[in-house]
Structures are given as C-alpha cells and as structure tokens.
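The report below works through charged pairs, buried side chains, nonpolar cores and a pocket. It is meant to be read beside the sequence and the coordinates.

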Amino acid sequence: MDRKLLKDGEFCPDNSIVWHPDLIITDDVQDILVPLSLWLSHKEDIRPLSLRKLLYILPDDELTETEADLSEFNGIAIEFPGFLDGRGYSHARTLRDHLNYRGEIRAVGDVLVDQLFFMKRCGFSSFVLKPGQNPDAAVKALNTFQFSYQQGSDSQMPLHHIRKCL
C-alpha cells in the first residue's frame with residue numbers, strides 16, 4: 001500500500017508498521033506503532049528497539065494509563081477507524097491540553113482531507129491520509145480558515161483575542 005505521511009507541510013512515504021510480539025522488522029520500516037495494550041504488557045521487549053516508536057492509541061484506549069510513559073515515545077499515532085468516529089479528536093486535545101504533550105501527534109486510519117484543518121486545531125501535527133485523497137488539497141486544507149472563533153490546541157489565536165489586541 002502506498003501511504004503518504006503529511007508532516008510539516010510536505011509529503012513523505014509512510015514506512016510505519018504496527019508492532020506485535022512476532023513482528024519481523026525489515027530495513028524499510030522507519031517507525032513502529034506500539035498499541036497501548038501491547039506496550040503495557042511488553043515494555044521490556046520494546047524499549048531496546050532502535051526504531052522510532054510511536055504509541056498507537058485506539059478510540060477505546062484510556063490515556064491516563066499512558067501519562068507516565070509518554071516520554072519514552074517519539075510520537076503518538078491516533079487511529080480513526082471511520083469518518084464518523086470523533087474520539088481521536090478528544091484524545092489529541094487531552095494530550096495537548098491536559099497532559100501537556102508537545103511531541104508529534106499523528107492521525108492514522110480513515111483520515112480525509114476535509115478533516116485536516118480541525119485535526120490540526122485539536123493538536124495533530126502529522127497525518128497519514130486515507131488512500132485516494134488529493135495531496136494538493138490536503139496541504140491547502142491545513143489552512144482552510146484564516147481565523148477561528150474558538151481556542152484550539154494549536155497556536156492559532158481565536159478571533160476575539162485578536163480583536164482585543166487591535
């Protein structure tokens with residue numbers, strides 16, 4: 001599958017793979033996504049791996065179980081199993097606003113161009129698009145709106161704060 005990772009406004013191949021105890025890691029793998037349940041049961045097997053490690057969060061996962069271990073990961077990947085499932089947005093906001101996580105937060109799964117602006121506002125910093133999405137439209141979608149009315153987890157200042165500064 002030809003998956004592309006959108007990060008820092010540019011696309012690169014997504015060479016990540018979901019880790020499991022019997023995984024054979026090939027040379028083309030750059031990142032491993034470690035499911036929370038497997039992290040909790042196999043920490044000592046995973047820690048010595050020299051690859052970039054991203055904690056792989058599923059919609060039903062409890063982030064409170066991860067707080068103490070967040071510094072052991074190079075990033076966090078949050079799964080979107082379907083377009084209508086918004087729990088990943090809540091996970092990203094929790095990581096940024098309540099757990100003060102400042103590393104990479106990657107959206108994976110059913111990630112559509114139409115969602116990117118709102119994902120960015122919730123704290124996502126990289127995106128693996130669903131196959132078939134237009135890459136040019138994806139880059140433009142990150143800046144769909146110049147102003148926002150509400151405070152987000154990104155650095156964009158809400159419009160009412162901008163008005164106070166004028």
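Asp97 has a relative accessibility of 38% and therefore counts as partly exposed, since that value falls between the limits of 20% and 50%. This and every other value here is computed from a predicted model. The side chain of Asp97 meets that of Arg93 in a salt bridge, with an N to O distance of 2.8 Å, and both residues belong to helix 2, where they are four residues apart, or about one turn of the helix. Arg93 is likewise assigned as partly exposed because its relative accessible area is 29%.

**Charged pairs**

In total, the structure holds 15 salt bridges. Three of them are set out in the table.

| Salt bridge | N to O distance | Relative accessibility |
|---|---|---|
| Asp97 with Arg93 | 2.8 Å | Asp97 38%, Arg93 29% |
| Glu44 with Arg47 | 2.6 Å | Glu44 56%, Arg47 33% |
| Arg87 with Asp60 | 2.5 Å | Arg87 36%, Asp60 63% |

Glu44 counts as exposed, whereas its partner Arg47 counts as partly exposed. In the salt bridge between Arg87 and Asp60, the closest N and O atoms are 2.5 Å apart. This pair links distant parts of the chain, given that Arg87 lies in helix 2 and Asp60 in the loop between strand 5 and strand 6, with 27 residues separating them. Here Asp60 is the exposed partner, at 63%, while Arg87 is partly exposed, at 36%.

**Two buried polar residues**

Which side chain of opposite charge is nearest to Arg96, a buried residue without a salt bridge? It is Asp97, which is 7.1 Å away, and that distance lies outside the 4 Å limit for a salt bridge, so the two are not counted as a pair. Arg96 is itself part of helix 2, which spans residues 87-98. Beyond its neighbours within four places in sequence, Arg96 is in contact with Tyr101, Arg102, Gly103, Ile105, Cys122, Gly123, Ser125 and Ser153.

Thr66 is located in the loop between strand 5 and strand 6, and it counts as buried because its relative accessibility is 1%. Apart from residues within four places in sequence, Thr66 contacts Leu36, Leu55 and Ile57.

**Nonpolar cores**

The largest nonpolar core comprises 37 residues, and those with the most contacts inside it are Ile78, Leu95, Leu116, Met119, Phe124 and Phe127. Several elements each supply at least two residues of this core, among them strand 4 (31-35), strand 6 (75-80), helix 2, strand 7 (104-109) and helix 4 (135-141). Its largest share, four residues, is contributed by helix 1. Phe124 illustrates the packing: with residues up to four places away in sequence left out, Phe124 touches Ile78, Phe80, Gly88, Tyr89, Ala92, Ile105, Arg106, Ala107 and Met119. There is also a second, separate core of seven residues, including Leu5, Leu54, Tyr56 and Val108.

**The largest pocket**

The largest pocket has a volume of about 180 Å³. Its lining consists of Arg93, Phe117, Phe118, Arg121, Cys122, Phe147, Ser148, Tyr149, Gln150, Gln151 and Gly152, and helix 3 gives the most to this lining, with three residues. Two of the lining residues recur from the sections above: Arg93 is also the salt-bridge partner of Asp97, and Cys122 is also in contact with the buried Arg96.

Methods: Residues are numbered from 1 along each chain as its sequence is written. This is a predicted model: local features need pLDDT of at least 70, side-chain atom pairs count only at pLDDT 80 or more; totals for chains, interfaces and linings use all residues. Side-chain values use heavy atoms; hydrogens and water are left out. Buried means under 20% relative accessible area, exposed over 50%, partly exposed in between (1.4 Å probe, protein chains only). Lys and Arg count as positive and Asp and Glu as negative; His and the chain ends are not counted. Contact means heavy atoms within 4.5 Å. A nonpolar core is a set of buried Ala, Val, Leu, Ile, Met, Phe, Trp, Tyr and Cys residues joined through side-chain atoms within 4.5 Å. On a 1 Å grid over the protein atoms alone, a cavity is a set of points where a 1.4 Å probe fits but cannot get out, and a pocket is an open set with protein on both sides within 12 Å along at least five of seven lines; lining residues have an atom within 4 Å of a point. Grid points are joined across faces, edges and corners, and a volume is the space filled by probe spheres set on the points.
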